[in-house]
Amino acid sequence: MDFSLSEEQRLLKETVDRLVRDRYGFEARQAAAASEQGFSRAMWATFAELGLLAVPFPEAVGGLGGGGVDLMVVAEAFGRGLVVEPYLATVVLGGSLVELAGSDEQKAHILGHVVAGEKLLAFAHGEPDGRYDLAHVGTRAEESGDGWRLTGRKSVVINGDAADTLIVSARTAGGTGDEAGIGLFLVASDAAGLTVHGNPTIDGGRSAEVVLDGVAAEPLGEPGAAFPAIEAAVARGIAALCAEAVGAMEVACETTLDYLKTRKQFGRPIGSFQALQHRMVDMRTELEQARSMAILAAAKLGADRVERERTVSAAKVTIGRAAHHVAEEAIQLHGGIAMTWEYALSHYAKRLVMIDHLLGDVDFHTERFIALTDGTAA
Amino acid sequence: MDLNFTPEEQAFRDEVRAFMRTDLPADVAAKVKGGKRLTRDDHVRWMTALSKRGWLGVNWPTEYGGTGWSPVQRHIFEEECAAAGGPRIIAFGVNMVAPVIMKFGTAEQKAHYLPRILDLTDWWCQGYSEPGAGSDLASLKTRAVRDGDHYVVNGQKTWTTLGQHADWIFCLVRTDPQAAKPQEGISFLLIDMKTPGITVRPIILLDGEHEVNEVFFDDVRVPVGNRIGEENLGWTYAKYLLTHERTNIAGVGLSKEALRHLKTIARDQLKNGRPLIEDPIFRARMAQIEIDLMALEMTNLRVLADVQAGGAPGAESSILKIKGTEVRQAITDLARRALGPYALPFQSEALDGGFNGEPIGPGYAAPVAAHYFNMRKLSIFGGSNEIQKNIIAKASLGL
Ligand SMILES: Cc1cc2nc3c(=O)[nH]c(=O)nc-3n(C[C@H](O)[C@H](O)[C@H](O)COP(=O)(O)OP(=O)(O)OC[C@H]3O[C@@H](n4cnc5c(N)ncnc54)[C@H](O)[C@@H]3O)c2cc1C
């Protein structure tokens, strides 16, 4: 077995680590998060220049042909920097859907613009009562003489307000909850009948509530059989979130350890109290367990469906629990200071807890893991 | 053994309920139930209503205008307040500094401050913690130097809850830096927030709210007559106050109300087309907390019965603080989970009383995640849960 990175992956890691370390300070992050779109266009252009937007895509469409491990390298660094740019929405979810479901022409065209940093995407999939269920699509797609039209509601669409193109899931056949009959459609942000209400999220990002009222849309690939592509793209998204959480947990652990060594009460560093030492050790243990599962999820992205899905669900459970543990303990071991907006750690804690609310939480993935293990999953 | 409330206690509960129906301002209760922001005025209106009924001095003896209630009555009152959506009584004046003034103040101090606390003339805040003195409070550095019949105060307090609303602050200050032990050189001062040289600066918490402050003292002149008790004996008074800070520390009533709210959310949220409350995993999570809360309520009632019979709570109040805060935090944790993806949107403006815009997701969603993060404070302040465990280990277990 070999856990080492390839030469290219090492270079990628150096590049993205350096970028985050040197150019993604907490102040800059906070300013970007507070801006109208919730991120920095200049930083996005830098990502493009460095090739980060090309990482997961095939070389044929201008990508770098990276796999899960390459994605992990990028996402982990982004987790360390608490990066707010729409990488998950545009590259990991949006880009993967185009790659997995799109026609050759759509791939070449859309991914070309994504890689160049000229196009932002968002995956408008979740619906108000759908919770984390991937097959819960009630939005209707209807074909008429002049093409496809979509009607429905999409909720908590990550970076939906910045996207130039929304990738909307909609039903061409069947009922809400059926895996069959789901299509993917491209909707321009300025399309008639489309309303996008953006809002901040509690972890410093942005999401949007989307209403579609007979909006003209272009099918992404063949309409109606998109579920496998959605599942595979979401698996990449989960692997990326797991790696991001690992990066953020690393910082939370480092910051807490440093504080334990420097903060003095009762005339000695608080890290000298054994009650706190063991708590710090538990945080580090959780981090290592989480890292292991993030690696496993990244490595299994190319596996067959059941093995891939079972692994990403297991990883998301591990990460959900570990991130929650590390976030709460990091705050507690700091005392009051980590309750403040000014102290970066509080924002790491918020992101760590909120990652569990993206693409399925601990309970959802526990059930899914059981179903996939029992072989009862469809 | 009889675990029922007596008929008198039942009648008392009915009386409290009737009062809540008639005197708790409906708009304030709606804000509390909806997790919205409360203004200074909201608090004052509620506490004024209590004061008019003679129920603000919950822990006060009748000679000072208090209720003279038994511990069990206080417990019932707290439970009914929480159930009705009454804001928590701001403790700094009525439940913290007042008992100290009653016990250690001069006749003049009692006559001056106590009525003003009871009629809401003065809003108090607590100036104990400093940047370098949190758990190790006795290491505080804010200096008070005697100059004729004044002290000149210099230094900084921090984490001052709602100090932005306060008229007065009670402070621990160092009057003898040479004392043999750090606890021995501390005095207890009452300081008018309008005194020249005081600056209040907001600290924004991780939920984006202005709840606490830094308070700076720059050559602030405080009359010696504003000192409580003896010079350099402030630590004794502070310790006495800390025992009062721990009354109702279990927060059983608040947790019960929070659990009811959680169930409302879980009934409304859907998972696979069914109410979340029917989901086996989520139901198990909720049941576990409900059971913990039942146990906590019994533990709390046992302690109260003991106090009622003349006992003094020792390590028990630390146990109640630890368990009470853990249960409350666990409930807010589940409420956040219950929301699913709708925990993410952060619609701060929806927390304002006058908000009539479109909510993002269900109407109850906006405060839930922010509240979860805010409640992390419970295990940090009022003597952190680690410090409580140290107390139990040392004082009660002799370790
Ligand atoms: C929201 C909020 C409101 C507050 N309001 C007020 C207020 O109105 N007035 C006021 O005076 N103060 C207030 N406080 C301050 C509060 O009392 C302190 O935060 C608390 O005493 C802890 O101090 P600290 O934050 O400096 O943490 P520290 O004391 O530095 O503790 C850091 C960590 O070390 C642990 N620790 C410390 N010593 C030991 C030990 N011996 N053994 C094991 N573990 C240990 C702590 O438990 C904690 O986990 C407030 C705090 C908060 C967060």
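User: Which side chain has an N or O atom 2.7 Å from an oxygen atom of the ligand?

Analyst: A polar contact is a pair of N or O atoms within 3.5 Å; within protein, one must be able to donate a hydrogen and the other to accept it, and residues adjacent in sequence count only if both atoms are side-chain atoms. Here the side chain of A:R263 makes the 2.7 Å pair with a ligand oxygen. Backbone N or O atoms also pair with a ligand nitrogen: B:W159 at 2.8 Å and B:Q126 at 2.9 Å. This is a predicted model, in which local features need pLDDT of at least 70, side-chain atom pairs count only at pLDDT 80 or more, and totals for chains, interfaces and linings use all residues. Residues are numbered from 1 along each chain as its sequence is written, chains are lettered from A and ligands numbered from 1 in the order written, and side-chain values use heavy atoms, without hydrogens and water.

User: Where does the ligand lie, and how many residues surround the ligand?

Analyst: A residue is near a molecule if one of its heavy atoms lies within 4 Å of it. The ligand sits between chains A and B and is surrounded by 28 residues, with A:R263, A:Q332, B:S135, B:T161 and B:S384 the closest.

User: How much do domain 1 and domain 2 of chain A bury between them?

Analyst: The size of an interface is often given as the accessible area lost when the parts come together. Here that area (1.4 Å probe, summed over both parts) is about 1500 Å², 58% of it on carbon and sulfur atoms.

Conventions. Buried area = accessible area lost by both parts, 1.4 Å probe.
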